[in-house]
Amino acid sequence: MNWFTSPLAATIVVVAVLASLSVPLRRLTGDRPAVSQSRVADTVVEGGDERIAGVMRLRLLAPANSLEVATTEGDVLWRVDRLEAGEHERNVAFRADGGVLEVFVGVEFDEPEADTALFLTVLPDGVEEMTRYAIGAGRIDDLLVYEWNPHPGGGDGW
């Protein structure tokens, strides 16, 4: 009997290949992403200035040495020195004048020559989430603009 032409041997080879693929696929699809969270009050009022509470979710394709997310007015929403690749969250409070939020994102990555990207999702309370992205190598400095209809469906909006 020739083992190389046997249906049993072919089945064993296929099962072995599928078993070897199952470990990386389980890590890719089954593991929960590492999520870091920070707490901010639901409503922030500074000197009569009302802000919208929400969550920022950041997805990095590569580890970063530093991250800063700041509004065009200079309010720093998120600053951290070291972030691993993956998904990270932070509770924030921000102003969205006329339903528009503009943020500067500055990220310095570990590998200066490797192309990478970041995805920043803003989830304001009671309003649809929006995701923007920036692509670059080494360091990314970009302006991301989020615009919501302040009165969806003709209602009061936010």
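Here is a friendly set of questions and answers about this predicted model.

Reader: Which strands form the open sheet, and in what order do they stand?

Author: Strands of a sheet pair through backbone hydrogen bonds, either parallel or antiparallel. Here the pairing is antiparallel. Four strands take part, and their order is β6-β3-β8-β9.

Reader: Which strands stand at the edges of that sheet?

Author: Look for a strand with a single partner, because one side of such a strand is left without a neighbour in the sheet. Two strands fit that description, one covering residues 86–94 and the other 130–137. They are β6 and β9.

Reader: By how many degrees are neighbouring strands of this sheet turned against each other on average?

Author: In the order β6-β3-β8-β9, each strand can be compared with its neighbour. Ignoring direction, the average turn between neighbouring strands is 20°.

Reader: How many bridges join β3 to β6?

Author: Strand β3 spans residues 52–60, and β3 and β6 run antiparallel. One example of a bridge is Val-55, whose partner in β6 is Asn-91. The number of bridges joining β3 to β6 is nine.

Reader: And on the β8 side, how many bridges are there to β3?

Author: Strand β8 covers residues 115–124 and runs antiparallel to β3. Arg-57 has Thr-121 as its bridge partner in β8, and Leu-60 stands opposite Leu-118 in that strand. The number of bridges between β3 and β8 is seven.

Reader: Is β3 largely enclosed or largely open?

Author: We can judge this from its residues, where buried means under 20% relative accessible area. Seven of the nine residues of β3 are buried. Therefore, with the rest of the structure around it, β3 is largely enclosed.

Reader: Which residue forms a salt bridge with Arg-57?

Author: Side chains of opposite charge can pair when their charged atoms come close. For Arg-57, the closest N and O atoms of the pair are 3.7 Å apart. Arg-57 lies in strand β3 and its partner in strand β6, so the pair ties together parts that are 30 residues apart in sequence. The partner is Glu-87.

Reader: Of Arg-57 and Glu-87, which one is buried?

Author: The cut-off for buried is under 20% relative accessible area. Arg-57 has 24%, so it counts as partly exposed. With a value of 16%, the buried residue is Glu-87.

Reader: Which residues belong to the salt-bridge network that includes Arg-95?

Author: Arg-95 forms a salt bridge with Glu-73, with the closest N and O atoms 3.9 Å apart, and another with Asp-75, at 3.4 Å. Arg-95 sits in the loop between β6 and β7, while Asp-75 is in the loop between β4 and β5, 20 residues apart. Glu-73 is partly exposed at 48% relative accessible area, and Asp-75 is partly exposed at 23%. Through shared partners, the salt bridges join Arg-51, Glu-73, Asp-75 and Arg-95.

Reader: How many salt bridges does a search of the whole structure find?

Author: The pair of Arg-57 and Glu-87 is one of them, and the pair of Arg-95 and Asp-75 is another. The search of the whole structure gives a total of 10.

Reader: Is the pair of Phe-119 and Tyr-133 stacked or tilted?

Author: A search of the whole structure finds two aromatic pairs, and Phe-119 with Tyr-133 is one of these, at 6.1 Å centre to centre. The pair links strand β8 to strand β9, with the residues 14 apart. Planes under 30 degrees apart count as stacked and those over 60 as edge-to-face. At 40° between the planes, this pair is tilted.

Reader: Are Tyr-146 and Trp-148 buried or exposed?

Author: These two residues form a stacked aromatic pair, with 10° between the planes. Tyr-146 has a relative accessibility of 0%, and Trp-148 has 4%. With buried meaning under 20%, Tyr-146 is buried, and Trp-148 is likewise buried.

Reader: What accessible area does the nonpolar patch on the surface have?

Author: The patch is formed by Val-13, Val-14, Val-17, Leu-18 and Leu-21. Val-17 is placed in helix α1, which covers residues 7–30, and is partly exposed at 43% relative accessible area. Together, the patch residues have an accessible area of about 440 Å².

Conventions
Residues are numbered from 1 along each chain as its sequence is written. This is a predicted model: local features need pLDDT of at least 70, side-chain atom pairs count only at pLDDT 80 or more; totals for chains, interfaces and linings use all residues. Side-chain values use heavy atoms; hydrogens and water are left out. Two strands pair if DSSP finds at least two bridges between them. Axes are lines fitted to C-alpha atoms, for helices over the stretch in contact, and angles run from 0 to 180 degrees between N-to-C directions. Rings of Phe, Tyr and Trp (its six-membered ring) pair if their centres lie within 6.5 Å; planes under 30 degrees apart count as stacked, over 60 as edge-to-face and the rest as tilted. Buried means under 20% relative accessible area, exposed over 50%, partly exposed in between (1.4 Å probe, protein chains only). Patches are made of residues with over 30% relative accessible area and no salt bridge: like charges are joined within 9 Å, nonpolar side chains (Val, Leu, Ile, Met, Phe, Trp, Tyr) within 5 Å. Accessible areas come from the Shrake-Rupley method with a 1.4 Å probe; for residues, only the protein chains shown count as cover. A salt bridge is a side-chain nitrogen of Lys or Arg within 4 Å of a carboxyl oxygen of Asp or Glu.
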